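Biologist: I should like to go through this chain with you, from its overall plan down to single residues. May we begin by looking at it together?

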Amino acid sequence: MRRQRGFSLLEVIIAFVLLAVAMGVLLAVLGGGLAQVRRSGEASEAALHAQSLLARVGVLEPIAPGVSSGDIDRGRYRWTLQITEVDDPVPLPEPVPGLEPVESVGLQQPNAPVLYRLQLDVAWGEGEAARSLRLASLRARYPQAAQP
């Protein structure tokens, strides 16, 4: 009588267990990758919203010190914009007695632009999944001329 060649029941069970473990690891890796893609997409969308909010200031909305806030995309993203007036970082030159400046570069003129710092915070998600983004920018605006 010839002996049949093939796999024993134990070998088949071990092969299925190894296949199940490998599939479980593969699904965990793919699930983590999908979560990273989703978080990256949310962060990119938040950055685009933040850029559009900052681009409006000084063009569609006046630059004025204060704090404003709101939400975007039916409350999915929440934002807070803080505008503060800042001093010009360029120091005035020291006056030298007996010498008049030839040009006025670096001197503060009476109608010189006023510098403002814009800080925009955008937040999204709740609880453990909460994320936030902070952007800061400087804007200049000429002071309003006095009305006669």
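The exchange below moves from the elements to the core, the surface and individual positions.

Modeller: This is a predicted model, in which local features need pLDDT of at least 70 and side-chain atom pairs count only at pLDDT 80 or more, while totals for chains, interfaces and linings use all residues. Residues are numbered from 1 along each chain as its sequence is written, and side-chain values use heavy atoms, with hydrogens and water left out.

Biologist: In what order do the elements of the protein chain run from the N terminus on?

Modeller: Helices (H or I, at least four residues) and strands (E, at least two) are DSSP runs, numbered from the N terminus. The protein chain has 1 helix and 4 strands. From the N terminus on, their order is α-β-β-β-β.

Biologist: How many bridges join β2 to β3?

Modeller: Two strands count as paired if DSSP finds at least two bridges between them. Strand β2 (residues 77–86) is joined to β1 (residues 66–72) by 7 bridges in an antiparallel arrangement, and R78 of β2 is the bridge partner of D71. On β3 (residues 114–124), Q119 is the bridge partner of Q82. The pairing of β2 with β3 is also antiparallel, and its number of bridges is 10.

Biologist: Which residue in the turn of the β1 and β2 hairpin has a positive phi?

Modeller: The hairpin of β1 and β2 has 4 residues between its strands. The residue with a positive phi, about 60°, is D73.

Biologist: Which element gives the most residues to the largest nonpolar core?

Modeller: A nonpolar core is a set of buried Ala, Val, Leu, Ile, Met, Phe, Trp, Tyr and Cys residues joined through side-chain atoms within 4.5 Å; buried means under 20% relative accessible area, exposed over 50%, and partly exposed in between, with a 1.4 Å probe and protein chains only. The largest core has 17 residues, of which W79, L81, I83, L118, L120 and V122 touch the most other members. At least two residues of this core come from each of α1 (9–56), β2 and β3. The element that gives the most, with 6 residues, is β3.

Biologist: How much accessible area does the nonpolar patch that includes F7 have together?

Modeller: Patches are made of residues with over 30% relative accessible area and no salt bridge (a side-chain nitrogen of Lys or Arg within 4 Å of a carboxyl oxygen of Asp or Glu); like charges are joined within 9 Å, and nonpolar side chains (Val, Leu, Ile, Met, Phe, Trp, Tyr) within 5 Å. F7 lies in the segment before α1 and is exposed, because its relative accessible area is 72%. By the Shrake-Rupley method with a 1.4 Å probe, where for residues only the protein chains shown count as cover, the patch of F7, V12, F16, L19, M23, L26 and L30 has together about 740 Å².

Biologist: Is E42 buried or exposed?

Modeller: E42 is placed in helix α1. Its contacts (heavy atoms within 4.5 Å), leaving aside neighbours within four places in sequence, are R76, Y77 and W124. Because its relative accessible area is 16%, E42 is buried.

Biologist: What distance separates the C-alpha atoms of I63 and R141?

Modeller: I63, in the loop between α1 and β1, is buried, with a relative accessible area of 8%. Not counting residues up to four places away in sequence, I63 touches V57, G58, I83, Y116, R139, A140 and R141. I63 and R141 are 78 residues apart along the chain, and their C-alpha atoms are separated by 7.4 Å.
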